[in-house]
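Let's take a walk through this model together, starting from one pair of residues and working outwards. Keep the structure open beside you as you read.

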Amino acid sequence: MKSESVEETWNLRLYVAGQTPKSITAFANLKKICEEHLAGKYRIEVVDLLKNPQLAKGDQIIAIPTLVRKLPEPLKKIIGDLANTERVLVGLDIRPVSR
Amino acid sequence: MLTAKHNLVAVEKCPTGIRGLDEITNGGLPKDRPTLVCGGAGSGKTLFAMEFLMHGAIKYGEPGVFMTFEETPQDLAKNFYSLGFDLPEMMSRGLIETDHVSITRGEIEETGEYDLEGLFIRLSAAIDAIGAKRVVLDTIEALFSELPNATILRAELRRLFLWLKGRGVTAIVTGESGDKTLTRYGLEEYVADCVILLDFRIVGQIATRRMRIVKYRGSAHGTDEYPFLIDEAGISVLPITSLGLDYPVSKERVSTGVARLDAMLGGKGFFRGSTILLSGTAGTGKTSLSATFADAACRRGERCLYFAFEESPRQIIRNMESIGLDLEQWVKKGLLKFHSARPTLYGLEMHLVTFHKVIEAFTPQVFIVDPISNLIDAGTAPEVKSVLTRLIDYLKMKKISTFLTDLTHFGNSPERTREEISSLIDTWLLLRDIELKGERNRGLYILKSRGMDHSNQIQEFLITNRGLDLVDIYTGSGEALTGSARAAQEAQEKALEMERRHEVDRIRRDQERKRNVLEAKIAALRAEFDAESEELDFLGKEEKKRQKIVAEEQSKMKTLRKGKQSANREKAPKGKVNGKKKGA
């Protein structure tokens, strides 16, 4: 089971609107969690809606920042600055690495 | 001074294009501000919003954005189509932009701080894409059930409404009614400029839609509950307030279609634009008289709208053929329009809205409701009075002659039937039964007729296969008789009259004969006289001849006696003497 998840690539997209403090915090938090739990098997794409407003419709974005788990399926969304690591892990459906 | 101040800060209005609404709001919704439209499920909030956008795009050249939180774009397109608007086509022309905001609670996790900038960006992009002037958010409250953090949501909604004001768009925000508040999540706190409440209630098994302007900052507005109607043409709101009493009046008279009735009404019929009530018990000929009035109007080339609440149009046309009225020809020519509905189909107010709508569309000069009593029974007295006052004011404003029939019940005095409406009526005709000597006949009289000299007589009302007629009731020997009693009395009088006439004739013939005899005698005497005169003349001539001969004989004899020489001298005086003698 563990080997299976190792081969999965985590395709994550973070929607922000300009360089707001919340966005910066969210990105930093995401980076940290991914490094901790998904080292080497994740990809983060940051979408700035101020530059590409039309992209908001596609993923049904209303809150900023929003993190979308594109892969693995199913699609998951987490809104907020990702301050609560536990909830991010639950939201992304990442099993905590056994210590 | 206060009004002057109000004028200075008068709120600019944005017309909705919804029939009636712009009248009660004095021009529409507050321009460049958000308006909250709230109401229960199925109260017509979405429809209201859709009409606002569509009329904006089509009539007022203001493109609009429809942001839906509940319905999918497919459903939305279907809803628009049901009102006769082609949403995809409008979108392709850049008049309408839609955005479906869909979030499912299950797939969203919330951690930490966030805002709704995404929503702002989407709305902003949609507005910019078509240069929108109008925005609809339907129903933004859906966010409350999907985003758990109400504190953030409230702050963001407050920001959103401020932002909308800043964008210079006129917005409609819809909200579901709460138990004790206007909206379940208290949106009215944020949208402070204009709040409209839509209501859908059922009273006595009859559904009525009502609209109320809860507040409208900086503008006068009607505060009543206005009934409104939703049909294939969208929303129609009916101003509940009366239009006032400053309508134009006409001195023109219109015929009733019954010559004797015209005669009873000062010889000329009703005033154009007046309101006529025809009361009567069952079977007294109310529909026949209405149809005759309609027929007369169509003959004048006027348009007549006939609201039938008891019979179908085909049945009325068939029945009226039996009294010699061909209504079908007028229907075919487009002069007569029937509108049939069951009175219980919907509430009183709804009927009023329907009247307005059909009148607006058909623009008749004559309007008939047969009978109005069923409508009256559908409501309470004050309600009836209010509805009819508005209807009659409206009709008078349009100079439409109105003919209402009223079925009164047996046992009640017809005069007291509708005290609530009698004051609204200009001419009140009463049809009544007259029971006498084992038969029932119809009598018609004029209870009142404002502004004209009218008859005080009860006339017998006859329905024949050649139409309607009125005859004088027999009032000869101290009692009023109708029907066969009248006919019998009349026949008796006729017989007496005949007898008298025969006697006179006989005497006249006698006299004539006598004159003939007299004339014959005169002729005979004259003939005798003439014969005598002739004889005399003849004798005169003979005498002259004879005298001449005698004279000649005498002169001959003289000549013979005295010789030939003196004959010439004596001849002339002799002739003279003869002539003179003859003349004398």
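## A pair to start from

Find Trp10(A): opposite this residue, in β2(A), stands Tyr42(A). Between the two strands the chain travels from β1(A) through helix α2 (residues 21-37) of chain A to β2(A), a β-α-β crossover that is right-handed. Please keep in mind that everything here is a predicted model.

The pairing of β1 (residues 10-16) of chain A with β2(A) is parallel and spans 7 bridges. Another pair to look for is Leu12(A), whose bridge partner in β2(A) is Ile44(A).

## The other neighbour of β1(A)

Strand β1(A) also pairs with β3(A); here the two run antiparallel and are joined by 5 bridges. To see this in the model, pick Leu14(A), which has Leu67(A) as its bridge partner in β3(A).

## A sheet with two chains

Now zoom out. In which order do the 5 strands of the open sheet lie? The order is β2(A)-β1(A)-β3(A)-β4(A)-β6(B), with mixed pairing. The edges are held by β2 (42-48) of chain A and β6 (108-110) of chain B; each has a single partner strand, so one side of each is left without a neighbour in the sheet. From one strand to the next, the twist averages 20°.

A helix joins the picture too. Helix α4 (residues 85-92) of chain A lies across β3 (66-71) and β4 (76-79) of chain A together with β6 of chain B, and runs at about 160° to β4(A).

## Chain A as a whole

Chain A has 4 helices and 4 strands, and along the sequence they follow the pattern α-β-α-β-α-β-β-α. Of its 99 residues, 35% are buried. Taking contacts in chain A between residues at least 6 apart in sequence, 66% join residues at least 24 apart.

## How confident is the predictor?

For the complex, the predictor gives an ipTM of 0.88 and a pTM of 0.64. Chain B has a mean pLDDT of 82, with 88% of its residues at 70 or more.

Where in chain B is confidence lowest, and where is it highest? The lowest mean, 46, belongs to helix α1 (residues 2-8) of chain B, while strand β4 (residues 64-68) of chain B is highest, at 93. Residues 1-8 of chain B have pLDDT below 50, and this stretch has 0 contacts in the model beyond near neighbours in sequence. For residues 579-584 of chain B, the pLDDT is likewise below 50, again with 0 contacts beyond near neighbours in sequence.

Note on methods: Residues are numbered from 1 along each chain as its sequence is written. Chains are lettered from A and ligands numbered from 1 in the order in which they are written. This is a predicted model: local features need pLDDT of at least 70, side-chain atom pairs count only at pLDDT 80 or more; totals for chains, interfaces and linings use all residues. Two strands pair if DSSP finds at least two bridges between them. Axes are lines fitted to C-alpha atoms, for helices over the stretch in contact, and angles run from 0 to 180 degrees between N-to-C directions. Two residues are in contact if their C-beta atoms, placed from the backbone, lie within 7 Å. A residue is buried if 20 or more other C-beta atoms lie within 10 Å of its own, exposed if 12 or fewer, and partly exposed in between; C-beta atoms are placed from the backbone. A crossover is right-handed if, with the strands pointing away from the viewer, the path from the first strand over the helix to the second runs clockwise. pLDDT is the predictor's confidence in each residue, from 0 to 100.
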